[in-house]
Amino acid sequence: MSTVALKNVTKIWPDGTYAVDNLDLEVNDGEFMVLLGPSGCGKSTVLRMIAGLEDPTEGDLLLNGEPVLDLPPRERSIAMVFQDFALYPHMTVGENIGFPLKLSGVEPSPRQERVDAIAGALGIGEVLGRRPSQLSGGQRQRVAMGRAIVRRPGLFLMDEPLSNLDSGLRAELRAEISSMTRELGVTTMYVTHDQAEALTMADRVAIMRKGVLQDVGTPTEVYRRPATLYVAAFLGSPRMNLLEASVYVHLDQYIVLNFGDQNLYMPWNDPRSRAVMRYHGERIVVGIRAEALTPVAPDTQGHVLQGRIRYLEHHGHESLAFLDVGATAIVVDEMSNPVHTQPPVEGALKRIGGALQRLTRPGPVEIDPRPTGRVSVLNDPGRHHRKPAELSVRLAPYPAVGPGHPLAISVRMEALHFFDERGDRIDVGWR
Ligand SMILES: Nc1ncnc2c1ncn2[C@@H]1O[C@H](COP(=O)(O)OP(=O)(O)O)[C@@H](O)[C@H]1O
Ligand SMILES: [Mg+2]
């Protein structure tokens, strides 16, 4: 049993790359924590530092509340499974699983008992006498997990253990890993770049980008209230629609969200209007998931966008329509290599004074100035690009409409997400 605490952990490689940048993260006893992010964002480096295979450049690491940076790997009671695990080819499955016990001097009979129990739990009890070459990829992966967990570690670290397997097997093993680690009550840190895997397996997900922790929470929390534009873009399928919008405040009436050709009107009594009104005369990013959009009759009143179908994707149980609504989409370029963020650039933001003057009607409402001086995601080609929006909308399977067909879409306003030009969530408070 273990808790993990990373305190302001930074890892800088000799070439100056910040693999991990000031990471603060706590994992509770028995928790299944998933580290999620694209290739190169520092996930493996985090696990390797916890395992003791790398030293942090700065910061502290505690296991069960005790600092462990001075402890060698074998004294940390940690087991680790990698993507490219190697089994001993000349040993049987049973010998492979039992090997760590043999090394630590466990007698043959209790050793066999433990091996049988673990192999049974992993569904490989029938193949204990075979050699690795006589196994399928999924069976080999189960053996690797069995070997890692047989010594009953306090902490189980798994680094993309399923990424070499085909998708059916991956889904099956996902479920097995979840149930096995929970049954054993072992604290687990699991690394993946697959958002669906993260959302299905995790108690909590920690999302990283270029060495920086973006958000951490239960799958529901990070999906429903992504802390940054990046997290919003990363989680969910189809991806969240991210539209550029100009904000115009009509005091005491509504806030106009202008998407180019069309507007949505946020009612004044919407709890988020106080936060969004501060962007009067400026551009923000509005996030709309497909589940917030419903096709309606063309003449429907209310929060409706008019679009035209560009193309359709059929997924069997549903079809996705991608609509031209005359808006501009913000595309987050997340696959770029990690680069330490540059110092803040001044001047990307307009001053609040100018915005105030453009208020259509003076009123008693106080508008807080916002922090200025950081890089704008709306004006930074290294982090995103713009393109004509293709709004994804769910339709019934094989609908009786096709490309070029007009479609009216009702928008569930309370499900909109708002992000400022830095990519931070615009909100009325932290969850
Ligand atoms: N031993 C190393 N020496 C130098 N740079 C490294 C080393 N290991 C990883 N990196 C770099 O550190 C960054 C994070 O790598 P890694 O933790 O492996 O990412 P992930 O597991 O998320 O794909 C990458 O830029 C990678 O190239
Ligand atoms: Mg990795």
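**Exercise 1.** What covers the buried residues of α4?

*Solution.* This is a predicted model, in which local features need pLDDT of at least 70, side-chain atom pairs count only at pLDDT 80 or more, and totals for chains, interfaces and linings use all residues. Residues are numbered from 1 along each chain as its sequence is written, and side-chain values use heavy atoms, with hydrogens and water left out.

Step 1. Helices (H or I, at least four residues) and strands (E, at least two) are DSSP runs, numbered from the N terminus. Helix α4 covers residues 137–149.

Step 2. Buried means under 20% relative accessible area with a 1.4 Å probe, protein chains only. Of the 13 residues of α4, 10 are buried, so the helix is largely enclosed by the rest of the structure. Among them are Gln-141, Arg-142, Met-145 and Arg-147.

Step 3. The cover includes the strands β6 (78–81) and β7 (155–159), together with the helices α2 (93–103), α3 (108–121) and α5 (167–184).

**Exercise 2.** Compare the expected span of helix α4 with the distance between its end C-alpha atoms.

*Solution.* Step 1. The expected span is 1.5 Å times one less than the number of residues; for the 13 residues of α4 this gives 18 Å.

Step 2. The end C-alpha atoms of α4 are 19 Å apart, which agrees.

**Exercise 3.** State how α4 fits into the protein as a whole.

*Solution.* Step 1. The protein has 10 helices and 22 strands.

Step 2. Buried residues make up 50% of its 431 residues.

Step 3. With contact meaning heavy atoms within 4.5 Å, residues 24 or more positions apart account for 72% of the contacts with a separation of 6 or more.

Definitions and conventions:
Chains are lettered from A and ligands numbered from 1 in the order in which they are written.
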